[in-house]
Amino acid sequence: MKSSVASIETFSTVDGPGIRTTVFFNECHLRCIYCHNPEMWNKGKVNITDNELVEKILNNKEYFGEDGGVTFSGGEPLLQNEFLISVCKKLKKHNIHIALDTAGIGIGNYENILKYIDLIIFDVKHTNKEGYKLITKANIDKVDEFINVANKLNKKFWIRQVIVPGITDSIDYIKELKEYIKIFKNVLKVEFLPFHKMGEEKYFKLGIVTPLKDVAEMDKEKCEKLYNIFLNL
Ligand code: SF4
């Protein structure tokens with residue numbers, strides 16, 4: 001079985017607990033206005049087998065320690081469902097901790113994928129229909145199926161929210177978010193990520209107009225203040 005992987009990063013400390021190997025899958029059907037990986041939107045060439053990927057991940061096993069492991073990211077890993085299941089199955093034989101960084105919109109088979117997943121790092125995007133559409137071009141209802149299955153399996157979530165000036169940086173929005181995340185049964189952590197423009201060069205190279213070219217990067221201090229407000233609500 002083969003899939004299309006854009007890159008594999010080792011020794012990551014930002015993609016879940018501990019030291020991790022992060023696998024970035026190609027292909028995503030959303031078009032988030034702040035996406036910093038537009039080069040991963042298309043499927044690209046299949047370039048790795050399930051056995052090859054498992055071997056690469058296991059090569060780093062000694063660095064994972066007690067908390068680390070592998071994180072599947074992208075792109076949208078849920079679009080590679082059969083491949084993902086095959087890789088997870090093999091990794092679980094070696095007791096590897098598996099995190100899934102996702103927006104929750106794939107092509108189904110969620111129960112079979114999630115039974116191998118120890119932690120879901122979930123990108124909320126936005127809490128309401130209009131905002132979700134504005135950010136992703138997709139319908140918010142599409143995430144329901146994934147969240148329902150994850151809740152049914154009592155999966156642990158880290159919730160991520162990108163804070164974008166003029167879109168998700170108001171106190172009203174932060175209040176809405178506090179309410180919204182009640183739909184997740186088992187939230188271990190919430191993170192706010194300030195919008196940045198590090199991916200702008202990639203858009204230029206791909207000949208795509210940067211959707212937020214006129215929006216400034218999110219002020220980190222303001223983002224921290226909003227986070228503290230969120231915690232104290
Ligand atoms: S879900 Fe992730 S990879 Fe897909 S467009 Fe949004 S930010 Fe980019």
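## Working through a helix and a sheet

The buried residues of helix α7 (residues 171-180) are Tyr-173, Ile-174 and Leu-177. Keep in mind that this is a predicted model. Let's work outward from that helix.

**Exercise 1.** Work out why the buried residues of α7 sit on the same side of the helix, and find which residues are exposed on the other side.

*Solution.*
- Start with the trio Tyr-173, Ile-174 and Leu-177, the buried residues of α7.
- They span an arc of only 100° around the axis, so they end up on the same side of α7.
- Now flip to the other side of α7: there you'll find Ile-171, Asp-172 and Glu-179, which are exposed.
- What's on top of the buried residues? The cover includes β8 and α9.

**Exercise 2.** Decide how α7 and α9 are oriented relative to each other, and list the residues that make the contact.

*Solution.*
- Take the angle first: α7 and α9 pack at about 45°, and their axes are 10 Å apart.
- Angles under 35 degrees would count as roughly parallel, and 65 to 115 as roughly perpendicular.
- The two helices are therefore oblique to each other.
- As for handedness, α7 and α9 make a right-handed crossing.
- On the α7 side, Ile-171, Ile-174, Leu-177 and Lys-178 make the contact, and α9 brings Leu-226, Ile-229 and Phe-230.
- Helix α9 (residues 220-232) also lies across β8 and β9, running at about 155° to β9.

**Exercise 3.** Lay out the order of the strands in the open sheet and pick out its edge strands.

*Solution.*
- Seven strands line up as β2-β3-β5-β6-β7-β8-β9, with mixed pairing.
- At the edges are β2 (5-12) and β9 (187-194), each pairing on one side only.
- From one strand to the next, the twist averages 15°.
- For a parallel pair, look at β7 (residues 119-123) and β8 (residues 157-163), joined over four bridges. Here Asp-123 stands opposite Arg-160 in β8.

**Exercise 4.** Find how many residues of strand β3 (residues 20-25) are buried, and describe how β3 pairs with β2 and with β5.

*Solution.*
- Count first: six of the six residues of β3 are buried, so the strand is mostly covered.
- In a regular strand, side chains alternate between the two faces of the sheet.
- Sure enough, Arg-20, Thr-22 and Phe-24 point one way from β3, while Thr-21, Val-23 and Phe-25 point the other.
- With β2, the pairing is antiparallel over five bridges, and Val-5 stands opposite Phe-25 in β3.
- With β5 (residues 69-74), β3 runs parallel, joined by six bridges. Thr-21 stands opposite Val-70 in β5.

How values were computed:
Residues numbered from 1 in each chain as written. Predicted model: local features only at pLDDT ≥ 70, side-chain atom pairs only at ≥ 80, totals over all residues. Pairing = 2+ DSSP bridges. Axes fitted to C-alpha atoms, helices over the stretch in contact; angles between N-to-C directions. Contact = placed C-beta atoms within 7 Å. Buried ≥ 20, exposed ≤ 12 C-beta atoms within 10 Å, placed from the backbone. Arc of directions from axis to C-beta. Parallel < 35°, antiparallel > 145°, perpendicular 65-115°, else oblique. Left-handed = near helix turned anticlockwise from the far one by under 90°.
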